[in-house]
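Here's a walk through the hollows of one protein model, followed by a look at two of its strands. Have the viewer open as you read.

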Amino acid sequence: MLTFTPEQRRQFAEDIDGDYRPKTNKTIVLVGLMGSGKSALGKRLAVALDRAFIDSDSIIEQESGLRIRDIFELSGEKKFREIERKIILRYLQGPAIILSTGGGAFCTPETRAGINAHAISIWLDATPKILLRRIGNTSSRPLLHTGDPLQILANLRQKRLSDYQQAELHVRTGRHSRRLSMKKILNILEQNSYIEAL
Ligand code: S3P
C-alpha cells in the first residue's frame, strides 16, 4: 500500500481541479498499455478521492523480491500472469482502493472477469507514439526488448484492443497534460455517478 508524503500529496493535488468524493464503495482499476499513465494518474486519483493506491507490479516485486523483468526471464510470462492474477484478485476482495494494473493484466480472462465483477475499470488509451514517449527508457519493460518498441506497442495495442474495450469506462490520455487527463477521468466518473463534486 503506497502512502504519500505531504510533499507528494501537494504535488499530485496540483493536477486536480476541484474537490470530489466517491459515491461508490467499489475499487477503481486502471487498465491499459504501458505508458498510458496508469500509475501517474492513479496516484493523483487516489489523492483526489482520498483512497489508498496500489500498483500491482510493485506488489508483485515486493512479494517476490524480484524485478518484473527477472520474473519474465526466470519463470516466463505465463507464471508472471498467474502471480499477477492472484494479487489483483486478492486486492479486489479488500477495501475500496485505486488499483493500477500492469498492461497485460486485463487481457488474462480470469483477471478481467474478477475486475469486471468487483470493480470499476477505466481503460487509459493513447497512440503507440505517445506511449513510447512516456515510457522513455524501456529497460524495465521486458515485452519491449524483442524488437522495435514502437512496432511492438502498435502490435500489442491491436492484439489487446478487444480486451481493453471490455473496460467499463474509456479515457484517451493523449498528448495533453496530466491535469487534463485527470479532468477527463474525474468527469467520466462523475457522469457515471461514481463520484460527486463537492
Ligand atoms: C506488461 C506491462 C508492465 C508489466 C509487465 C508486462 C504488459 O506494466 O506488468 O512488463 O504485458 O503490457 P506497465 O503497464 O505498468 O508498464
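Which helices each supply at least two residues of the lining of the second largest pocket? Helices α4 (68-92) and α7 (149-164) are the ones that each do so.

## Ground rules

What you have here is a predicted model, where local features need pLDDT of at least 70, side-chain atom pairs count only at pLDDT 80 or more, and totals for chains, interfaces and linings use all residues. Residues are numbered from 1 along each chain as its sequence is written, and side-chain values use heavy atoms, with hydrogens and water left out.

A few terms before we dig in. Everything hollow comes from a 1 Å grid over the protein atoms alone: a cavity is a set of points where a 1.4 Å probe fits but can't get out, while a pocket is an open set with protein on both sides within 12 Å along at least five of seven lines. A residue counts as lining if it has an atom within 4 Å of a point. Points are joined across faces, edges and corners, and a volume is the space filled by probe spheres set on them. Helices (H or I, at least four residues) and strands (E, at least two) are DSSP runs, numbered from the N terminus.

## The two pockets

Start with the largest pocket, at about 750 Å³. It has 36 lining residues, and the closest to its centre are M34, G35, K38, D57 and R141. Several helices chip in at least two residues each: α2 (38-49), α3 (56-64), α4, α6 (128-135) and α8. Of these, α4 brings the largest share, 6 residues. The lining splits into 9 nonpolar, 15 polar and 12 charged residues; for these classes, Ala, Val, Leu, Ile, Met, Phe, Trp, Tyr, Cys and Pro are nonpolar, Asp, Glu, Lys and Arg are charged, and the others, Gly among them, are polar.

The second largest pocket holds about 210 Å³. Its lining consists of E77, R81, G104, C107, T108, L143, I152, L156, K159, R160 and D163. Here α7 takes the largest share, with 5 residues. Sorted by class, the lining has 4 nonpolar, 2 polar and 5 charged residues.

## The two cavities

How many cavities of 30 Å³ or more turn up? The count comes to 2. The largest cavity encloses about 40 Å³, and around it sit L33, S36, W123, L124, D125, A126, L131, R157 and Y164. Strand β5 (119-125) and helix α7 each give at least two residues to this lining, with β5 providing the largest share at 3 residues. The class tally is 6 nonpolar, 1 polar and 2 charged.

The second largest cavity comes in at about 30 Å³. Its walls are D15, I16, D17, Y20, R179, M182, K183 and L186. Helix α8 (residues 178-191) contributes the most, 4 residues. This lining divides into 4 nonpolar, no polar and 4 charged residues.

## Strand β5

Now for β5 itself. Is it mostly covered or uncovered? It's mostly covered, with 7 of its 7 residues buried, where buried means under 20% relative accessible area, exposed over 50% and partly exposed in between (1.4 Å probe, protein chains only). A119, S121, W123 and D125 point one way from the strand, and I120, I122 and L124 point the other way.

Two strands count as paired if DSSP finds at least two bridges between them. β5 runs parallel to strand β2 (residues 27-31), joined by 5 bridges, and it also pairs in the parallel sense with strand β6 (residues 169-172) over 4 bridges. Look at W123: its partner in β2 is V31, and it stands opposite H170 in β6. W123 is also one of the residues lining the largest cavity.

## Strand β2

Move across to β2 and you'll find that 5 of its 5 residues are buried, so the strand is largely enclosed by the rest of the structure. T27, V29 and V31 face one way, while I28 and L30 face the other.

Besides β5, β2 pairs with strand β4 (residues 98-100), again in the parallel sense, over 3 bridges. V29 is a handy residue to click on: it stands opposite S121 in β5 and opposite L99 in β4.
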